[in-house]
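Visitor: I would like a close look at one part of this protein, the sheet and what packs around it. Could you walk me through it, strand by strand?

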Amino acid sequence: MRRLRVALIVALGLVGLSTAAVVGVGLLVIRTDRGNAWVRARVERAAQAAVGTRGTVTLGALRLTPFGTMTTDSIVVRDSLGTLVLGTGVVPARVDLLPLLDGVVQVRQLAIDRPVIHLVA
């Protein structure tokens, strides 16, 4: 019985250390240029999937904080001919961080500064 309790405590300790290590590495990754580029690629891929083959989506410089705030300098959406459809200034957003690891972008809040929208008939 005592060995089982010790084994359980050791196992829980290892799980806790592993979780702390993963979170720590994740925080370090999002604070680097390479980590931000990785997240930017995931976000652009998700946005491009929403637009499909009808156009392209390009994000400006991206910053991500450990608290789930993501800010991009701009978002530009162009149609298949290259004509500007949507352009923005700074776009801050609140996102869930864990789904980003699976390439899923879950936006909780989004604010668009100075949007420029071109509607084509």
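Guide: Let's begin with strand 2 and strand 3, which pair in the antiparallel sense over three bridges. The two form a hairpin with four residues between them, and in this predicted model Gly-68 in the turn has a positive phi of about 90°. To find one of the rungs, look at Leu-62, whose bridge partner in strand 3 is Thr-72.

Now cross to the other side of strand 3. Strand 3, residues 69–72, also pairs with strand 6, again in the antiparallel sense, over four bridges. Thr-72 stands opposite Val-91 in strand 6, so to speak a neighbour on each flank, since Leu-62 is bridged to Thr-72 as well. At the other end of strand 3, Thr-69 stands opposite Arg-94 in strand 6.

Between these positions is Thr-71, which also has its place in strand 3. Thr-71 counts as buried because its relative accessibility is 15%, under the 20% limit for that class. Leaving aside neighbours within four places in sequence, Thr-71 is in contact with Ala-61, Leu-62 and Arg-63, and also with Val-90, Val-91 and Pro-92.

Step back now to the whole sheet. Strands 2, 3, 6 and 7 make an open sheet of four strands in the order 2-3-6-7, with antiparallel pairing. Strand 2 and strand 7 (107–110) are the edge strands, each pairing on one side only. From one strand to the next, the twist averages 20°. Helix 2 packs on this sheet and touches strand 2 and strand 3. The direction of helix 2 makes about 110° with that of strand 2.

That brings us to the nonpolar residues. The largest nonpolar core has 14 residues, and the members that touch the most others are Val-39, Val-43, Leu-64, Met-70 and Ile-75. At least two residues of this core come from each of helix 2 (33–51), strand 1 (55–59), strand 2 (62–64), strand 4 (75–79) and strand 6 (91–95). As general background, nonpolar side chains tend to be buried together in soluble globular proteins.

Strand 4 deserves a stop of its own. Val-76 is found in this strand. With a relative accessible area of 22%, Val-76 is partly exposed. Apart from neighbours within four places in sequence, Val-76 is in contact with Thr-56, Val-57, Thr-58, Leu-84 and Leu-86. Val-76 and Thr-88 are twelve residues apart along the chain, and their C-alpha atoms are separated by 6.7 Å.

Finally, here is the setting for these parts. The protein has two helices and eight strands, and from the N terminus on the elements run α-α-β-β-β-β-β-β-β-β. Of its 121 residues, 23% count as buried. Among contacts with a separation of 6 or more, 38% are between residues 24 or more positions apart. The protein exposes about 8,600 Å², and carbon and sulfur atoms supply 65% of that area.

Conventions: Residues are numbered from 1 along each chain as its sequence is written. This is a predicted model: local features need pLDDT of at least 70, side-chain atom pairs count only at pLDDT 80 or more; totals for chains, interfaces and linings use all residues. Side-chain values use heavy atoms; hydrogens and water are left out. A nonpolar core is a set of buried Ala, Val, Leu, Ile, Met, Phe, Trp, Tyr and Cys residues joined through side-chain atoms within 4.5 Å. Buried means under 20% relative accessible area, exposed over 50%, partly exposed in between (1.4 Å probe, protein chains only). Two strands pair if DSSP finds at least two bridges between them. Axes are lines fitted to C-alpha atoms, for helices over the stretch in contact, and angles run from 0 to 180 degrees between N-to-C directions. Contact means heavy atoms within 4.5 Å. Accessible areas come from the Shrake-Rupley method with a 1.4 Å probe; for residues, only the protein chains shown count as cover.
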